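Student: I should like to understand the terms used to describe this structure. Could we go through them in order?

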Amino acid sequence: MQVSIRERDPNYQLHRMTLFQHLLDCYPASRSEIIRQARVDIPPRVRPQVWSAILGVLRCDEWVYRHVDKESPGASDKQIDVDIPRCHQYHNLLGSSEGHVKMRRVLKAWLRAHPHLVYWQGLDSVMIGYFAVFQHLLTFHDPELSVHLTKTDFTPQLYAMPWFLTMFTHVFPLDKTYLIWDKFLVAPRSFPHFFGLAILRQARPMLLSSGFNEHITMFTNGLPSIDIEACIQSAYQLCQITPPSVMKLPPESDNAPMEPAGSTTSLDSWETAPWWNTPISLEARQAEPVPRIFVSDLTRLRGELTLYVDIRDEGTY
Amino acid sequence: MASYAYLFKYIIIGDTGVGKSCLLLQFTDNRFQPAHDLTIGVEFGARIVTVGQKRIKLQIWDTAGQESFRSITRSYYRGAAGALLVYDITRRDTFDHLATWLEDARKYSNANITIMLIGNKCDLEAKRAVSREEGESFARENGLFFIETSAKTAANVEEAFVHTAADIHDKIQAGVLDVTNESSGIKLGPTQPNLSSFPSGSAETVRGCC
């Protein structure tokens, strides 16, 4: 049954809320069970408490928040003041002056509590690695679509920036955002990537049959025809069948050893790593249209549609 | 009717909060939304205008104004035929930053780009912090067109977009811009341009009047 239908079923909601209320009473001891239940769904009425529990917020944090200086002028005040009246203003609370004041307090408190971080509308340099991985992910699962989008110059830099920078809050209205975040909070870290991929896959027929102009129109209009719940489902499936190496960025340090994750080969004992097992720099990966799969993943890749081509010369083989 | 003779790529640049997205919305949808969502990265708009009896499709790239997006917005300049450089007449700092924006536009776009300087929010005369003369003289010194607009009242919004298109069209007619070169920001539409049409009047006569 769809979450949107479950949310309107009073009996089901009563049952779920009783369960969560009980679990919340035993928090923090019950945190892992809360997360387990949250994977099923989160009743809207207890969402704030459940999100807090998933994030590990403790009662003493409230005291901390209350005592953080939220009034003193800061370097980001001007930008915050310009931005707040431009966020989800169709929403009753966020569009009200009271909502603006509250939002401002939260942002100021966060800034004060994280002096090493800054308020930015964007962090574009951080995004480059994200986009490289996303492009590879798309190529891995749907080469035809990937080639088509690249040919029409419709790159992730153009459409996916608000996706990952704001974790989709800038893309969808709040009611949909809640559903998405309910999943993001309890899913693997890379889940947003798969959710983005699921959006493209759902829009696939339309994307393949049109060019750049139609693409931008569709994405600028906030993807109204996208079925969020179907995307979440398909994102889970995609997540399960994707080899981890597609998602992996190169290690920070050049000397860092390769991920031995589950590797059963004797490669680790080789004195010098063979060419296929040496780390690839971010720049090199960006330049490559397809992802590289580590040997360790390759052995686990089983599918009827998998074709292996061995290009090693006889000596190495 | 979806046919058009040319497609021009435009880019809208300028400081955060000067009303870039509002100008675009007023131009494409004829409406003003004071609580317009902030722009993350880039957003797009499109509309067909008529210049010299030719239908021209404007494809407009509306960019985020904040500094932290700068390195990405730079990549959007490539292949733009027109740029709307926007400041807010009620915020002096947005005018002071024009030189930096212009420098980026000159550096990252093609040499023949047509740039329209826009002093927006001219409905807020009481809060004015930058005089029209200052805007005019900045435009003159840097070889830009100049107009004052209000995305709120729609004053001069149409003109800003259309006069930029007229200038680009003039450049095509004069052979300054090569329409077959992708980087010029111009593409031929699905129908071939009508060769017998006349170039429009000079766009130099544009002056703010709001």
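Tutor: The following exchange sets computed values against their definitions.

Tutor: This is a predicted model, in which local features need pLDDT of at least 70 and side-chain atom pairs count only at pLDDT 80 or more, while totals for chains, interfaces and linings use all residues. Residues are numbered from 1 along each chain as its sequence is written, chains are lettered from A in the order in which they are written, and side-chain values use heavy atoms, leaving out hydrogens and water.

Student: How many helices and strands are there in chain A?

Tutor: Chain A has 19 helices and zero strands; helices (H or I, at least four residues) and strands (E, at least two) are DSSP runs, numbered from the N terminus.

Student: What are the domains of chain A?

Tutor: An automatic or database domain assignment divides chain A into domain 1 (3–58), domain 2 (66–113) and domain 3 (124–260 + 271–317).

Student: What area do domain 1 and domain 3 of chain A bury between them?

Tutor: They bury about 970 Å², which is the accessible area (1.4 Å probe) that two parts lose on being put together, summed over both. In domain 1 of chain A, R39(A), R47(A) and W51(A) lose the most area to domain 3, together 50% of what that side buries.

Student: Why is the meeting of R47(A) and D182(A) called a salt bridge?

Tutor: A salt bridge requires a side-chain nitrogen of Lys or Arg within 4 Å of a carboxyl oxygen of Asp or Glu. The side chains of R47(A) and D182(A) meet at 2.9 Å, N to O, so the pair satisfies the definition. The count between domain 1 and domain 3 of chain A is one salt bridge.
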